[in-house]
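Welcome to a short set of exercises on reading a protein model. Take a look at the structure first, then try each task before you read its solution.

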Amino acid sequence: MNRFKVGVLGATGAVGQKFIRLLAEHPWFEITAVAASSRSAGKRYDEAAHWIEPIPVPPQIAGMVVRECDPAELPEVDFVFSGMDAAVAGEIERKFAEAGIPVVTNARNYRREAHVPLLVPEVNPDHIAQIQHQTFDPNGRGFIVTNPNCVCVPLVLSLKPLADAFGIDSVVVTSMQAVSGAGYPGVPSLDIMGNVVPYIGGEEEKIMWEPLKLLGDLQADGTVRNSSIGIHASAYRVPVIEGHLLSVLVKLAKADVTEAQAREVYDSWVSPLAGLQLPSAPVKPVLRYDEPRYPQPRLHAPNENGMQVTMGRLRKAGLFDFAYTALGHNTIRGAAGGAVLNAELLVAKEIIRPRN
Ligand code: NAP
């Protein structure tokens with residue numbers, strides 16, 4: 001098939017660079033435009049970006065001239081990915097959707113909008129039906145799809161098998177979050193080296209709200225009735241480069257579930273993406289370890305190209321039913337890779353179509 005022409009908005013940032021790396025050899029998508037702020041526009045990409053990926057800038061991107069984040073500046077693209085700063089993403093993403101250009105974004109601005117999907121393809125693929133209720137573009141071509149906060153991805157993917165099998169009453173989650181989650185230059189080294197910071201502004205609110213929409217029920221009017229699960233979250237910044245580790249306590253809706261039953265639910269869970277052949281979909285979206293030292297960020301965040309969520313230490317837990325540890329790669333599965341997978345699902349479902 002001809003590859004879709006894609007633009008990357010916020011292409012110079014930490015998430016933008018991950019998009020460039022992940023899309024450099026993508027079988028369905030070809031980057032034809034990179035865009036960022038007026039500070040970068042007009043420069044060659046390799047001069048504008050402070051490149052932090054451990055491979056060289058892909059040669060076909062290095063010499064591209066960075067454009068302004070304006071739909072008139074990207075006339076050829078079929079759709080855009082967005083890794084823009086949230087301070088500006090709201091207005092710019094709306095302009096692209098109004099101009100008939102689908103936006104697949106990492107930014108938080110539209111996650112709570114009534115008809116905008118907050119999407120993890122293995123968790124709530126049916127929520128893409130919300131798109132047909134969006135009114136950004138009278139011609140129905142432009143729309144916005146969001147992916148969740150980087151902690152919510154390993155949290156909901158690891159809760160989903162339990163939710164499907166037993167229902168969930170309540171969750172207490174403590175996140176140990178990598179410094180790359182704060183972008184570049186991010187957390188000052190004097191704050192984080194040899195240290196733990198027990199607060200990340202705005203994070204706990206997102207972790208307590210976004211899973212409710214992700215695990216909620218799609219209604220006939222295109223809205224989502226949020227799940228009634230009770231969630232409490234504590235977010236900590238730790239001196240890890242990539243990979244958010246979560247300590248999770250779960251109380252199930254069903255009583256007397258044994259540890260063996262819970263293990264079996266994880267080991268036999270089949271992703272709703274099975275059979276769709278999406279290029280970035282992990283073969284096993286959630287892998288459970290029996291080894292009690294696993295998962296660990298340095299060892300397991302890169303599993304399946306950073307797209308697999310891992311978990312371990314599943315055990316009975318006093319006041320709650322179960323405790324476990326979960327891990328997700330924050331800038332791949334929790335950001336750029338998650339958005340690429342969202343776009344692949346939208347292409348497979350013919351919601352993103354070639355422009356001409
Ligand atoms: P970042 O490194 O600070 O990058 C921000 C990007 O936004 C840069 O490309 C920047 O361009 C661009 N930008 C800033 N002002 C702009 C303007 N006025 N017009 C157009 N573009 C502008 O941030 P990041 O960590 O990549 O995060 C990007 C987004 O993804 C944020 O919304 C963040 O919340 C979200 N996110 C991040 C992570 C993560 O793990 N890091 C995970 C999930 C979601 P210049 O270089 O030209 O300034």
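A residue is called buried when its relative accessible area is under 20%, exposed when that area is over 50%, and partly exposed in between. Keep in mind as you work that this is a predicted model.

**Exercise 1. A salt bridge within one helix**

Task: Find where Glu 98 and Arg 94 lie, and decide from their relative accessibility whether each is buried, partly exposed or exposed.

Solution:

Step 1. Locate the pair: both Glu 98 and Arg 94 belong to helix H4 (residues 86-98). They are four residues apart, which is about one turn of the helix.

Step 2. Check the side chains: those of Glu 98 and Arg 94 form a salt bridge, with 3.1 Å from N to O.

Step 3. Apply the cut-offs. Arg 94 has 31% relative accessibility, so it counts as partly exposed. Glu 98, at 38%, is partly exposed as well.

**Exercise 2. A salt bridge across the sequence**

Task: Which parts of the chain does the pair Arg 333 and Glu 122 tie together?

Solution:

Step 1. Start with the contact itself: the closest N and O atoms of Arg 333 and Glu 122 are 2.8 Å apart, and the two residues form a salt bridge.

Step 2. Place each partner. Arg 333 sits in helix H11, while Glu 122 sits in the loop between strand S5 (103-105) and strand S6 (144-146), so the pair links parts that are 211 residues apart in sequence.

Step 3. Look at the surroundings: Arg 333 and Glu 122 are both buried.

Step 4. Now widen the view. Glu 259, Arg 263, Asp 267, Arg 288 and Asp 290 are joined into one network by salt bridges that share partners. The count of salt bridges comes to 17.

**Exercise 3. Where two domains meet**

Task: Describe how domain 1 and domain 2 touch, going from the whole domains down to single residues.

Solution:

Step 1. Set the bounds: domain 1 covers 4-148 + 336-348, and domain 2 covers 152-329. Their centres, taken over C-alpha atoms, are 25 Å apart.

Step 2. Count the residues that touch: 35 residues of domain 1 are in contact with 36 residues of domain 2.

Step 3. Turn to area. The size of an interface is often given as the accessible area lost when the parts come together. Here the two domains bury about 2,700 Å² between them, with 69% of it on carbon and sulfur atoms. Arg 112, Glu 122 and Val 123 supply 24% of the area that domain 1 buries against domain 2, more than any other three residues.

Step 4. List the polar links. There are two salt bridges between the domains, and twelve residue pairs are in polar contact across the interface.

Step 5. Ask which helices take part. On the side of domain 1 that touches domain 2, helix H1 (14-23) and helix H11 (332-348) each supply at least two residues. The largest share of that side, seven residues, comes from H11.

Step 6. Sort that side of domain 1 by residue type: 18 residues are nonpolar, nine are polar and eight are charged.

**Exercise 4. How covered is a helix?**

Task: How many residues of H1 are buried, and what covers them?

Solution:

Step 1. Count: seven of the ten residues of H1 are buried, making this helix mostly covered.

Step 2. Name them: Ala 14, Gly 16, Gln 17, Lys 18, Phe 19, Ile 20 and Leu 23.

Step 3. Find the cover, which includes strand S1 (4-9), strand S2 (29-36), helix H2 (45-48), helix H3 (59-62), strand S4 (79-82) and H11.

**Exercise 5. Two residues in loops**

Task: Is Pro 295 buried or exposed, and what of Lys 43?

Solution:

Step 1. Place Pro 295 in the loop between strand S12 (286-288) and helix H9 (297-300). Its relative accessibility is 5%, so Pro 295 counts as buried.

Step 2. Look for company: leaving aside neighbours within four places in sequence, the contacts of Pro 295 include Leu 245, Tyr 289 and Thr 325. Pro 295 and Thr 325 are 30 residues apart in sequence, and their C-alpha atoms are 7.3 Å apart in space.

Step 3. Move to Lys 43, found in the loop between S2 and H2. With a relative accessible area of 39%, Lys 43 is partly exposed.

Step 4. Follow the side chain of Lys 43: it reaches the backbone oxygen of Arg 39 at 3.0 Å.

Definitions and conventions:
Residues are numbered from 1 along each chain as its sequence is written. This is a predicted model: local features need pLDDT of at least 70, side-chain atom pairs count only at pLDDT 80 or more; totals for chains, interfaces and linings use all residues. Side-chain values use heavy atoms; hydrogens and water are left out. Domain bounds come from an automatic or database domain assignment. Contact means heavy atoms within 4.5 Å. Buried area is the accessible area (1.4 Å probe) that two parts lose on being put together, summed over both. A salt bridge is a side-chain nitrogen of Lys or Arg within 4 Å of a carboxyl oxygen of Asp or Glu. A polar contact is a pair of N or O atoms within 3.5 Å; within protein, one must be able to donate a hydrogen and the other to accept it, and residues adjacent in sequence count only if both atoms are side-chain atoms. Ala, Val, Leu, Ile, Met, Phe, Trp, Tyr, Cys and Pro count as nonpolar, Asp, Glu, Lys and Arg as charged, and the others, Gly among them, as polar. Buried means under 20% relative accessible area, exposed over 50%, partly exposed in between (1.4 Å probe, protein chains only).
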